[in-house]
Amino acid sequence: MAARRNPDNPAAQNPVKQHHERCRPVPHLYRMEGLTKIDDLGKPRVVIVGGGFAGLELAKALANAPVQVVLIDKQNYHAFQPLLYQVATAGLDEGDIVAPFRKILSEQKNFYFRLAEVMAVNPAEQVVETSIGRLRYDYLVLATGATSNFFGDAEMAKNSIAIKSVEDALELRNTVLSNFEQALQLGDREQLNSLLDFVIVGGGPTGVELAGALSELRKHVFPRDYRELDFKEMDIHLVQSGPVLLKGMSANASEQALESLKKFKVQVWLDARVKSYDGYTVTLSTGQKLITRTLIWAAGVTGAPIAGLDPACLLPSNRYCVDEYNRVLGYENVFAVGDIAAMAGPDYPDGHPMVAQPALQQGRLLGENIARLLARQPLRPFKYDDKGSMATIGRNHAVADIKLFGKEYHLQGFVAWLAWSAVHVISLVGFRNRIMVLLGWTWSYFSFDKGLRYIIGKTKSPLVSADMEEGKAIV
Ligand SMILES: Cc1cc2nc3c(=O)[nH]c(=O)nc-3n(C[C@H](O)[C@H](O)[C@H](O)COP(=O)(O)OP(=O)(O)OC[C@H]3O[C@@H](n4cnc5c(N)ncnc54)[C@H](O)[C@@H]3O)c2cc1C
């Protein structure tokens, strides 16, 4: 493999020398059969696969570098995943949390985008195989993020709704709303409850935030929309395999989150695992059975790697093992950043947490390091600047562990909720999105309403017709 590091060859230890030997421009590659049609600028080409937090930040950081930046993504927009749950619970429009790559980077002259799925990497030929053809690279950066982890449970994968993409969030919103529309026609109590009850698996930030948002809908919104239904029948269950919620945050934050959820009448099951779910009955490890047609899976993610690299560089978590420069172990010119990269160190033996901050920081530093590589300057190792974490549980309720100037601060309640809101608005990509989210939240806050209660597109709601079949339909 041309791009693999050979420990016996001293030249192979020198990435700068390697690059200059290897990266002579090949003119007009786009005319070659089977290759993606794309200009060749005669400059080293950096191909970035995935425009999430890490890939997008890297593309921006390379704006002034003497390289051609080619971003490939299977969707034409960057999605702000931390607010997906708000799309799923009618709090935000999907357009408010996504931004098209071509718009974000329209001013960047060395930036090229291709809408395509990357299927494989061929490191020997330095090409990626994509759904629109092959694409040559000088430097390859894998920033493909993560995907839901069902721990091999095919039944769970089929029957549950995960929340990882905008499509997932919309499907969940449609399903929740369709459930209530159908429930109006049912008389049988168990059937009714199967539609009105929700089980969320995973007590991390996503699970906690979803549980809080559903309880807000139950309290403030749905009773006005569905006056014929009794909302005492609507149960929200949150199942967490460990003894605390928000594992990884401070004990104070975990306790506060649990207290707030209990106040919002969410039924929290700690130290309980979901053993099985057939689309109707959830069986917990404690023996308890819950009835629901909507199980929301927020219990973990696993890396989304691409075929073609040496399997030895892939860890059991499906993340690429990278060195302190985010270089995939064993390769000189292949890098991985963000969720897909695991950089083990004394503080993070399993790699950094799969959250936005490490992804952003790695993307930014790799951009600087690629410029350094080309300028034959020494590279800077990555050091994670952990700014803390936060989660919101609902109106005026949030928890935040903030790290500032070497000190830790624990916020809760309204102050934490304000901090959470401010951080999320500032972090959104695009001025329009920031304004729209700010306006939407302000309106929702004062009106106690969530206005985006549309059913458009896919829903996972089954058609429940038991009452109709038995002639029991309530008309
Ligand atoms: C519901 C949810 C809530 C979250 N909440 C928070 C939070 O509150 N705070 C926080 O810090 N983090 C949160 N996270 C985690 C955070 O979003 C991720 O850590 C972050 O998005 C990782 O960035 P990334 O660039 O590595 O990958 P991603 O942002 O996942 O981007 C990956 C990109 O790669 C593209 N891609 C993947 N495979 C291919 C392929 N084969 N070909 C082409 N394109 C491909 C995808 O389309 C996507 O655009 C949350 C995640 C989820 C799902």
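User: Which helices and strands each supply at least two residues of the shell around the ligand?

Analyst: In this predicted model, the elements that each supply at least two residues of that shell are the helices α2 (53-61), α3 (84-88), α8 (205-225) and α10 (356-374), together with the strand β2 (68-73).

User: How many residues surround the ligand, and which of them come nearest?

Analyst: There are 35 residues around the ligand, and Gly50, Gly52, Gly145, Gly338 and Val355 come nearest. Sorted by class, the shell has 19 nonpolar residues, 11 polar residues and five charged residues.

User: From which domains does the shell around the ligand draw at least three residues?

Analyst: It draws at least three residues from domain 1 and at least three from domain 2. The domain assignment of the chain gives domain 1 as 10-148 + 301-374, and domain 2 as 154-299 + 388-447.

User: How is the packing of two helices to be read?

Analyst: Two packed helices are described by two quantities, the angle between their axes and the distance between those axes. For α2 and α10, the angle is about 30° and the axes lie 7 Å apart. Angles under 35 degrees count as roughly parallel, and α2 and α10 are therefore roughly parallel to each other. In handedness, α2 passes α10 in a right-handed crossing.

User: Which residues of α2 and α10 meet?

Analyst: From α2, the residues are Phe53, Ala54, Gly55, Glu57, Leu58 and Ala61. They meet Ala356, Ala359, Leu360, Gln362, Gly363, Arg364, Leu366, Gly367 and Glu368 in α10. The residues of this contact divide into eight nonpolar, four polar and three charged.

User: At what angle do the axes of α6 and α7 cross?

Analyst: The axes of helix α6 (residues 166-183) and helix α7 (residues 189-196) cross at roughly 160° and come within 8 Å. An angle over 145 degrees counts as roughly antiparallel, and α6 and α7 are therefore roughly antiparallel to each other. Here α6 passes α7 in a left-handed crossing. On the side of α6, the contact is made by Asn179, Gln182 and Ala183, and on the side of α7 by Leu192, Leu195 and Leu196. By class, the contact of α6 with α7 has four nonpolar residues, two polar residues and no charged residues.

User: What distance separates the centres of the two domains, and how many residues does each give to the contact?

Analyst: The centres of domain 1 and domain 2, taken over C-alpha atoms, are separated by 32 Å. The contact takes 23 residues from domain 1 and 26 residues from domain 2. On the side of domain 1 that touches domain 2, β3 (77-79), α3, β4 (98-100) and β10 (146-148) each supply at least two residues.

User: Which element gives the most to that side of domain 1?

Analyst: The helix α3 gives the most, with five residues. By class, the side of domain 1 that touches domain 2 has 15 nonpolar, six polar and two charged residues. The helix α3 also supplies at least two residues of the shell around the ligand.

Terms used
Residues are numbered from 1 along each chain as its sequence is written. This is a predicted model: local features need pLDDT of at least 70, side-chain atom pairs count only at pLDDT 80 or more; totals for chains, interfaces and linings use all residues. A residue is near a molecule or strand if its C-beta atom, placed from the backbone, lies within 6 Å of it. Helices (H or I, at least four residues) and strands (E, at least two) are DSSP runs, numbered from the N terminus. Ala, Val, Leu, Ile, Met, Phe, Trp, Tyr, Cys and Pro count as nonpolar, Asp, Glu, Lys and Arg as charged, and the others, Gly among them, as polar. Domain bounds come from an automatic or database domain assignment. Axes are lines fitted to C-alpha atoms, for helices over the stretch in contact, and angles run from 0 to 180 degrees between N-to-C directions. Angles under 35 degrees count as roughly parallel, over 145 as roughly antiparallel, 65 to 115 as roughly perpendicular and the rest as oblique. A crossing is left-handed if the near helix is turned anticlockwise from the far one by less than a right angle, and right-handed if clockwise. Two residues are in contact if their C-beta atoms, placed from the backbone, lie within 7 Å.
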